[in-house]
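Please open the structure in a viewer and keep a selection tool at hand. The tour below proceeds by selections, each followed by a description of what is found there.

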Amino acid sequence: MNHQDSKERPWHEEATPPEHADADALDGRFYVLAPSVNAVRRALFRAPGGAKVVGRHDRETIACSHTMDAHSLARHWPILVSRLGKAGLRVAPRPGSVDNRIRHEI
C-alpha cells in the first residue's frame, strides 16, 4: 500500500515555511495562537533549531524565536508545527500585518 499518493496533506504539513515564514520567520521570529505562554513552552520543549518562547505579543498571540538559517528552517519547520499541532496550538501570521488585517476584514 502506497500512502505517499494521498491528495490531501497531513495536518502537520499544512503550515509550511513559505506560508508563514515571511521576513519575520527568516529573521528568527514566529507567532503562535495559544491560551498561555506555558502551553507553548511545553510544546517547544527541546525543539530543534533553538525555538524558544519570547513572551506574550498580545492577548491571543505568543511571540517565539529561533536560531535557524533558511535551510534549517525548511527542514525543522514541519517538526515545530507538528509539536504545536499535537498540543492544540497553531502558528499564526505576524499580528498586525497587512495579510492578517485583510483576513479579518473578510
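The stops run from the whole chain to the sheet, the core, an aromatic pair and a loop.

**The whole chain**

The model is a predicted one. Begin with a cartoon representation of the full protein, which contains five helices and four strands. Followed along the sequence, these elements occur in the pattern α-α-β-α-β-β-α-β-α. Next, display the surface: the protein exposes about 7200 Å², and 51% of that area is supplied by carbon and sulfur atoms. Of the 106 residues, 40% are buried. A contact map is a useful companion view here. Among contacts with a separation of 6 or more, 66% are between residues 24 or more positions apart.

**The sheet**

Select the four strands together. They form an open sheet in the order 2-3-1-4, with antiparallel pairing. Strand 2 and strand 4 (90-92) are the edge strands, each pairing on one side only. From one strand to the next, the twist averages 40°.

Now restrict the selection to strand 2 (52-56) and strand 3 (residues 61-65). These two strands form a hairpin, with four residues between them. Their antiparallel pairing extends over four bridges. Two of the bridge partners can be labelled: valine 53 is matched with cysteine 64 of strand 3, and arginine 56 is matched with isoleucine 62 of strand 3.

Add strand 1 (29-33) to the view. Five bridges join strand 1 to strand 3, and the two run antiparallel. Here valine 32 stands opposite isoleucine 62, while leucine 33 has threonine 61 as its bridge partner. Isoleucine 62 is thus a convenient residue to centre on, with arginine 56 as a bridge partner and valine 32 opposite.

Is strand 3 enclosed or open to the surroundings? Four of its five residues are buried, so strand 3 is largely enclosed by the rest of the structure.

**The nonpolar core**

Show side chains for the largest nonpolar core, which has 21 residues. The residues with the most contacts inside this core are Val32, Val40, Leu44, Cys64, Leu84 and Leu89. Strand 1, helix 3, strand 3 and helix 4 (70-86) each supply at least two residues of the core. Helix 4 provides the largest share, namely five residues.

Centre the view on cysteine 64 and select its surroundings. Which residues does cysteine 64 contact, once its neighbours within four places in sequence are left aside? They are Gly28, Arg29, Phe30, Val32, Val40, Leu44, Lys52, Val53 and Val54. Among them, Val32, Val40 and Leu44 also appear in the list of core residues with the most contacts.

**The aromatic pair**

Select phenylalanine 30 and tryptophan 77 and display their rings. The protein has one aromatic pair, and these two residues form it in an edge-to-face arrangement, at 5.5 Å centre to centre and with 85° between the planes. Phenylalanine 30 belongs to strand 1 and tryptophan 77 to helix 4, so the pair ties together parts that are 47 residues apart in sequence. Are these two residues buried or exposed? Phenylalanine 30 counts as buried because its relative accessibility is 4%, under the 20% limit. Tryptophan 77 counts as buried as well, at 0% relative accessibility.

**The loop before strand 2**

Finally, select the loop between helix 3 (37-43) and strand 2, where arginine 46 is located. Most residues other than glycine have a negative phi. Arginine 46, although not a glycine, has a positive phi of about 55°. Arginine 46 is exposed, with a relative accessible area of 72%.

Glycine 49 is in the loop between helix 3 and strand 2. At 21% relative accessibility, glycine 49 counts as partly exposed. Leaving out residues up to four places away in sequence, glycine 49 touches His66, Thr67 and Met68. For a distance label, choose the C-alpha atoms of glycine 49 and histidine 66: they are 6.0 Å apart in space, with their positions 17 residues apart in sequence counted as the separation.

Definitions and conventions: Residues numbered from 1 in each chain as written. Predicted model: local features only at pLDDT ≥ 70, side-chain atom pairs only at ≥ 80, totals over all residues. Heavy atoms only, no water. Buried < 20%, exposed > 50% of the residue type's maximum accessible area, 1.4 Å probe, protein only. Pairing = 2+ DSSP bridges. Core = buried A, V, L, I, M, F, W, Y, C linked by side-chain atoms within 4.5 Å. Contact = heavy atoms within 4.5 Å. Areas by Shrake-Rupley, 256 points an atom, 1.4 Å probe, with all protein chains shown as cover. Phe/Tyr/Trp six-rings, centres within 6.5 Å; stacked < 30°, edge-to-face > 60°. Axes fitted to C-alpha atoms, helices over the stretch in contact; angles between N-to-C directions.
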